[in-house]
Amino acid sequence: MEIGIRNLSVVFPGRQRFWGPSDPAVTAVDNMTFTIPRNKTTVIFGESGCGKTTLVRVLAGIQPPSSGTVLFGGKDVQGIAPKDRELCLLSQSIAFYPHLRVWQQVALWLTTRRPWLSHKEIMKCVDAIAEKLHIESILGKFPHELSGGERQRVAIAGKVLVPAIHFGVKIIFLDEPLSALDEKLRVEIQELLKLMFAELETTIVHVTHNQFEAAYLADTIVVMNAGSVEQVGTFCDIYERPQTKFVAESVGSITMLKAHELPLVNCQDAHFVGIRPQHVHVTRSVTNNGSGIRAEVVKSEFLGEYILVTLKLENGVLLTAHTRDMCSGEYTVVIESECMHFFNAEGVRINRKP
Ligand code: ADP
Ligand code: MG
């Protein structure tokens, strides 16, 4: 189901405390307008505290907005209770019932919403889902006996797959389901999620602050900054054509310089210039056409897939480059000018005239 978000704001009022410091008011979601397409995976991407969870809670109906409208399939959902919104939510902090075994946690949607089902029927559903997530062997365990990766799989089974397969929910919200996992497990479960998303054909809203996860899972990424939308697009759009300085700095690495700090480059009316390290090349030879900038290597760090070289230009400005060999001493730097990103003083992209 398509989700329309129109002028949505959420303000948490400040609180005067009798004892201790008082809380200032916080605008967690600040006049957001965008559309989440139907049956695609949309990733809400942003750093911690930018309002992702608040946005998802409003869409799920748990948190009332201060102003603005949420439309599901074009219809205003104000006043519709979360359980009647045909959605499921896997929240950031997973709560398990400590006294229930894994199969009971997985079966919760079934046992609470369809109490007439027999034990045999329930176990048939649980077994089929457990097989998909490879948790067949832990169905008899209690939550405290599970590892981090197993907990995440159990949560996905019970809170996403059961509602998606047996209740036909129209929207699935996942709020940072992988953020507590180590990198290897994160990648493993992310692959599982991608397969699952492809099979389900449901509108999926996945929240993360991890750019690799966003790039891997998203059809569309919504980049958030302090309660607002900075850019909506594919990962390629966001990485190669960042519309703001903030977006350019949130994905991949980039050196952001003031335009006047970069010699030999015609920055036209730009205020900031962003340069990704893979577009900076170093050579020992002096270029005769004047396109190179003299620089001295400050640091050369072996990072496995490439070497990260920090260069100090003649005017003292630092720039980073990716190289194949360790470097030291004096070099000539050549920057691929068509790959530079230009922004005005407000940090908005300037598309350069040829
Ligand atoms: P994220 O999920 O992106 O980390 P959140 O939506 O959790 O961000 O929080 C956004 C902002 O709203 C934060 O500054 C947070 O402190 C504030 N906030 C979230 N929930 C509440 C609440 N119930 N009361 C007051 N402030 C809140
Ligand atoms: Mg959050």
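**Exercise 1. Find the sense in which strands β3 and β8 pair, and the number of bridges between them, in this predicted model.**

Step 1: locate β3 at residues 41-45 and β8 at residues 203-208, and follow the two strands, which pair in the parallel sense over five bridges.

Step 2: choose one residue of the pairing, Ile44, and look across to β8, where its bridge partner is Val207.

Step 3: place the pair in its surroundings, an open sheet of six strands with the order β6-β7-β8-β3-β9-β10 and with mixed pairing. The edge strands, each of which pairs on one side only, are β6 (87-90) and β10 (228-233). Direction ignored, neighbouring strands of this sheet are turned by 15° against each other on average.

**Exercise 2. Describe how the edge strand β6 is joined to β7, and decide whether the faces of β6 are covered or open.**

Step 1: β6 and β7 run parallel and are joined by four bridges; within this pairing, Cys88 has Ile172 of β7 as its bridge partner.

Step 2: recall that in a regular strand the side chains alternate between the two faces of the sheet.

Step 3: sort the residues of β6 by side, with Leu87 and Leu89 on one and Cys88 and Leu90 on the other; they are all buried, and both faces of the strand are covered.

**Exercise 3. Work out which strands helix α1 touches, and what α1 gives to the shell around ligand 1.**

Step 1: helix α1 (residues 52-60) packs on the sheet, where it touches β3, β6, β7 (171-175), β8 and β9 (220-225), and its direction makes about 155° with that of β7.

Step 2: list the residues that surround ligand 1, which are Phe12, Val26, Ala28, Gly46, Ser48, Gly49, Cys50, Gly51, Lys52, Thr53 and Thr54. The elements that give two or more residues to this shell are β2 (26-36) and α1, and α1 gives the most, with three residues.

**Exercise 4. Identify the residues that touch the most other members of the largest nonpolar core, and follow the contacts of Phe173.**

Step 1: the core holds 81 residues, and those touching the most other members are Val106, Ala157, Ile172, Phe173, Ile221 and Val333.

Step 2: ask where the core comes from; helix α5 (residues 148-166) gives the most, with eight residues, while domain 1 (3-13 + 25-249) and domain 2 (254-343) each supply at least three.

Step 3: leaving aside neighbours within four places in sequence, Phe173 is in contact with Val56, Leu59, Ala60, Leu87, Leu89 and Val205. Two of these partners, Leu87 and Leu89, are the buried residues on one side of β6.

Key
Residues are numbered from 1 along each chain as its sequence is written. Chains are lettered from A and ligands numbered from 1 in the order in which they are written. This is a predicted model: local features need pLDDT of at least 70, side-chain atom pairs count only at pLDDT 80 or more; totals for chains, interfaces and linings use all residues. A nonpolar core is a set of buried Ala, Val, Leu, Ile, Met, Phe, Trp, Tyr and Cys residues joined through C-beta atoms within 7 Å. A residue is buried if 20 or more other C-beta atoms lie within 10 Å of its own, exposed if 12 or fewer, and partly exposed in between; C-beta atoms are placed from the backbone. Domain bounds come from an automatic or database domain assignment. Two residues are in contact if their C-beta atoms, placed from the backbone, lie within 7 Å. Two strands pair if DSSP finds at least two bridges between them. Axes are lines fitted to C-alpha atoms, for helices over the stretch in contact, and angles run from 0 to 180 degrees between N-to-C directions. A residue is near a molecule or strand if its C-beta atom, placed from the backbone, lies within 6 Å of it.
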